[in-house]
Amino acid sequence: MEHMSLTREAERARPTNPAIWHGSPDLDRANELSAGSAIGHLGIELTELGVDHLVGRMPVDRRTLQPFGILHGGASVLLAETLVSCAATFVAAPGKACVGMEINANHLRPVTSGWVTGTARPISLGRRSQVWEVRIVDGDDRLVCISRCTMAVIEA
């Protein structure tokens, strides 16, 4: 019985509109705006906007490694929060803005070079808050990090 209620709850949390974005989000413009920030400094790029997800990538290089030569967990969290912040903004109704409330991450596999790719998908898109999941994978599509982020929807 408990499993059935969790399944129904998960189904209700899914967006019913196949395209969740308001307006026409512009990834090129979002990348331009990010160039002069921590996002640009770490080489993060938004690469794909699907009907219900946003994808971005980040290099694993001197900017994102920790002293032991593996991807810094904080860099993974910055990638996750970047994807969620952009996605939440793209979903927000006109006159609304989104700000981060909480983020967590589980680091599952070390990466020493190449690129990692994150995909942000909504878990819940409410009027006052949004919850997103980000899965970060390495170049061989192995799960590196999984993160969840809660955003507050506020008046702009």
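Guide: Quick ground rule: an angle here runs from 0 to 180 degrees between N-to-C directions, along axes fitted to C-alpha atoms. And bear in mind that this is a predicted model.

Visitor: Okay, so what angle does helix 2 make with strand 1?

Guide: About 165°, and helix 2 (residues 27-34) lies across strand 1 and strand 2.

Visitor: What does helix 4 touch when it packs on the sheet?

Guide: Strand 1, strand 2, strand 3, strand 4, strand 5 (129-137) and strand 6 (143-155). The direction of helix 4 makes about 135° with that of strand 5.

Visitor: Which strands are called edge strands in that sheet, and why?

Guide: The sheet is open, with 6 strands in the order 1-2-4-5-6-3 and antiparallel pairing. Strand 1 (45-49) and strand 3 (96-107) are the edges, as each pairs on one side only. From one strand to the next, the twist averages 25°.

Visitor: Why do strand 2 and strand 4 count as a pair?

Guide: The cut-off is at least two bridges, and 7 bridges join strand 2 (residues 54-60) to strand 4 (residues 114-125), so they pair. One of the bridge partnerships is M58 with V116 in strand 4.

Visitor: Back to helix 4: what makes its length close to the expected one?

Guide: Helix 4 covers residues 73-91, so 19 residues, and the expected span uses one less than that number, times 1.5 Å. That gives 27 Å expected, and the helix reaches 27 Å from its first C-alpha to its last.

Visitor: Why is S76 called buried?

Guide: Buried means under 20% relative accessible area; S76 comes in at 2%, so it counts. S76 lies in helix 4, whose buried residues also include L79, L83 and C86.

Visitor: What is S76 in contact with, leaving aside neighbours within four places in sequence?

Guide: M58, L71, H107, I136 and C145.

Visitor: C145 and C98: buried or exposed?

Guide: C145 is buried, because its relative accessibility is 1%. C98 sits at 14%, so it counts as buried too.

Visitor: How many disulfides are there?

Guide: The search of the whole structure finds 0. To count as one, a pair of cysteine sulfur atoms has to be within 2.5 Å, so no pair in this model meets that cut-off.

Visitor: Where does pLDDT stay under 50?

Guide: Over residues 1-17, for which the model has 7 contacts beyond four places in sequence. Where pLDDT is low, don't read the predicted coordinates in detail. Across the protein, pLDDT averages 91, with 88% of the residues scoring at least 70.

How values were computed: Residues are numbered from 1 along each chain as its sequence is written. This is a predicted model: local features need pLDDT of at least 70, side-chain atom pairs count only at pLDDT 80 or more; totals for chains, interfaces and linings use all residues. Side-chain values use heavy atoms; hydrogens and water are left out. Buried means under 20% relative accessible area, exposed over 50%, partly exposed in between (1.4 Å probe, protein chains only). Helices (H or I, at least four residues) and strands (E, at least two) are DSSP runs, numbered from the N terminus. Contact means heavy atoms within 4.5 Å. pLDDT is the predictor's confidence in each residue, from 0 to 100.
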